[in-house]
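Me: I am new to reading protein structures, and I would like to go through one slowly. Could you show me how to read its features one at a time?

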Amino acid sequence: MVGTAPDGSGLCAGCCGDTGRCPACREPADLLGGGRCARCTLAGRVHDLLTGDRGAVPNQLTGLAGVLTGAENPYPVLSWLHRSQAARLLAHLAGQDSPISHELLDNLPQNAPTRHVRGLLITARVLPRRHEHLAHLEHWITHTMPALLEPHHTSVIRPFAEWHVLRDARRRTTRNRYSVGAAKADITEIRTAIAFLTWLDSHQTSLADADQLLFERWMTEHRTHVRKLTSFIRWIRARGLNTALTTPKRPRQFAGSFLAERDYTHHLRRCLTDGRLPREVRIMGALVLLYALPLSRISELTTTQFRRTPDGAFLTLGRHPVLLPPRLALLIEEQMEDPGTGYFRRQLDDEMHYLLPGQAPGRARNPLGAGALLRSHGLPVLTARNTAMIEAVTDLPPIIVADLFGLHPSTANRWAGYANDSWTHYLAARDQDVPGS
């Protein structure tokens, strides 16, 4: 129905004659304010957005124009063009003479519109895909770190950041082991090293002249930062910048907190059956409670890792698919059908079909935000994962746990040894709420 009769009833395009047809494409349609259908209106607005003063879409952006105008439903894209700050940023970039590149975007404020435009350009294959967590560290070292440095600290901090921290981050990236949390931790290490050198300046002492007594004073004043400085102290000792400073050797701490059996069962039941919880919260919570997955791995799961067969539904976590409980499988299928990002976003997320997509196209959900979301709904993360891992290694051989959960064998063996050595502590944690215990 594209028109209205005198009695208020709807009229189809054929009954309306030419008044119900788009003058540009001659197709029957609901005409918008400019007198054209939504599809033609979208094509015109995309053209205006990307041409600037050129009169034609640049060759670099023709693929992006095709992605935007080819959306199956033009209305969400029209709304995005009208309201989004990212669309205005894209128009600004398209109007410049220089080609759009990652380096050009790196020089802009790293906010939500910039991330959205970058994701859009990557999914449209205007820009090559890159490892964003590593890129974030590189950008911070290049653009943010210099403003934090005193000139006489540069000769120490820059080699530490570039030759040690960044090189290690690149090595971990090649193994796909560099997460957003790892990037944040690396930046914190560099910040702590800068703060330590500044503290030495305030005590009229250079790094080379600092002694262990002064360093212990710093550790007393900054107890929570000692661990963050350990890597820097090892680095300066290895290079002879100061061999007098040592950090205390602390025994390796393993898991120390678990859920009681009643609490573990309660949280798992909530994730599988409580419809009041958001679906993504239920999925993430169940994966933590059942398979001891860290949120950094859950956020990277893709829809291609899920498979349903006549024997059941499976999710590939490591090298082998793991059988899913029926209710969790249904939740994952519902999430795949409607990830909550809108049809326009689903079209943009081309080959990277994340099970839990983030805000920007082609990006997964931030695991730090995911942890905050779970905790806001009363679901523990660390204690739940500890309990799930203990449950696994006490029921299955460590090598089987490593294969099923995608863990390193040494990690599974450490958990198995910990379960054997500390079984009484675990039983005590589980029996806290049992009458008569």
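**Reading the structure step by step**

Reply: Let us begin with a single residue and its neighbours: leaving aside residues up to four places away in sequence, Thr 247 touches Phe 215, Thr 230 and Ile 233. Please keep in mind throughout that this is a predicted model.

Me: Where does Thr 247 lie, and is Thr 247 buried or exposed?

Reply: Thr 247 sits in the loop between α12 and α13, the latter covering residues 261-273. Its relative accessibility is 18%, and because buried means under 20%, Thr 247 counts as buried.

Me: How should I describe two helices that pack against each other?

Reply: Two packed helices are described by the angle between their axes and by the distance between those axes. Here, helix α11 (residues 212-221) and helix α12 (residues 226-238) have axes that come within 10 Å and cross at roughly 145 degrees. On the α11 side the contact is made by Phe 215, Trp 218 and Met 219, while α12 contributes Val 226, Leu 229 and Ile 233. Sorted by class, the contact of α11 with α12 has six nonpolar residues, no polar ones and no charged ones. Phe 215 and Ile 233 are also among the residues that Thr 247 touches.

Me: Which residue in helix α13 could I look at next?

Reply: Cys 271 lies in helix α13, and with a relative accessible area of 0% Cys 271 is buried. Leaving out residues up to four places away in sequence, Cys 271 touches Arg 282, Gly 285, Ala 286, Leu 289, Leu 331 and Leu 379. A separation along the chain and a separation in space can be read side by side: Cys 271 and Arg 327 are 56 residues apart along the chain, and their C-alpha atoms are separated by 9.5 Å.

Me: What can be said of Glu 337 in the same way?

Reply: Glu 337 is placed in helix α16, which covers residues 326-337, and at 62% relative accessibility Glu 337 counts as exposed. The C-alpha atoms of Glu 337 and Leu 355 are separated by 10.0 Å, with the two residues 18 residues apart along the chain.

Me: How many salt bridges are found in the whole structure, and which residue forms one with Asp 106?

Reply: A search of the whole structure finds eleven salt bridges. In one of them Asp 106 pairs with Arg 130, and the closest N and O atoms are 3.2 Å apart. Asp 106 belongs to helix α6 (residues 102-106), whereas Arg 130 is in the loop between α7 (112-123) and α8 (132-148), so the pair ties together parts that are 24 residues apart in sequence. The two partners can also be read by their accessibility: Asp 106 counts as buried at 14%, and Arg 130 is partly exposed at 25%.

Me: Which other side chain meets Arg 130 in a salt bridge?

Reply: The side chain of Glu 132 does, with an N to O distance of 3.1 Å, and Glu 132 counts as buried at 15% relative accessibility. A further salt bridge joins Arg 276 and Asp 274, whose closest N and O atoms are 3.1 Å apart. In this pair Arg 276 is exposed, with a relative accessible area of 76%, while Asp 274 counts as buried at 13%. Elsewhere, salt bridges that share partners join Asp 106, Arg 118, Arg 130 and Glu 132 into one network.

Me: Which residues form a nonpolar patch on the surface?

Reply: Leu 396, Ile 399 and Ile 400 form such a patch, and together they have about 230 Å² of accessible area. One of these residues, Ile 400, is placed in helix α20 (residues 398-405) and is partly exposed, with a relative accessible area of 34%.

Me: How many helices and strands does the protein chain have, and what share of its residues is buried?

Reply: The protein chain has 22 helices and five strands, and buried residues make up 44% of its 437 residues. About 23,200 Å² of the chain is exposed, and carbon and sulfur atoms supply 52% of that area. Among the contacts with a separation of 6 or more, 59% are between residues 24 or more positions apart.

Key: Residues are numbered from 1 along each chain as its sequence is written. This is a predicted model: local features need pLDDT of at least 70, side-chain atom pairs count only at pLDDT 80 or more; totals for chains, interfaces and linings use all residues. Side-chain values use heavy atoms; hydrogens and water are left out. Axes are lines fitted to C-alpha atoms, for helices over the stretch in contact, and angles run from 0 to 180 degrees between N-to-C directions. Helices (H or I, at least four residues) and strands (E, at least two) are DSSP runs, numbered from the N terminus. Contact means heavy atoms within 4.5 Å. Ala, Val, Leu, Ile, Met, Phe, Trp, Tyr, Cys and Pro count as nonpolar, Asp, Glu, Lys and Arg as charged, and the others, Gly among them, as polar. Patches are made of residues with over 30% relative accessible area and no salt bridge: like charges are joined within 9 Å, nonpolar side chains (Val, Leu, Ile, Met, Phe, Trp, Tyr) within 5 Å. Accessible areas come from the Shrake-Rupley method with a 1.4 Å probe; for residues, only the protein chains shown count as cover. A salt bridge is a side-chain nitrogen of Lys or Arg within 4 Å of a carboxyl oxygen of Asp or Glu. Buried means under 20% relative accessible area, exposed over 50%, partly exposed in between (1.4 Å probe, protein chains only).
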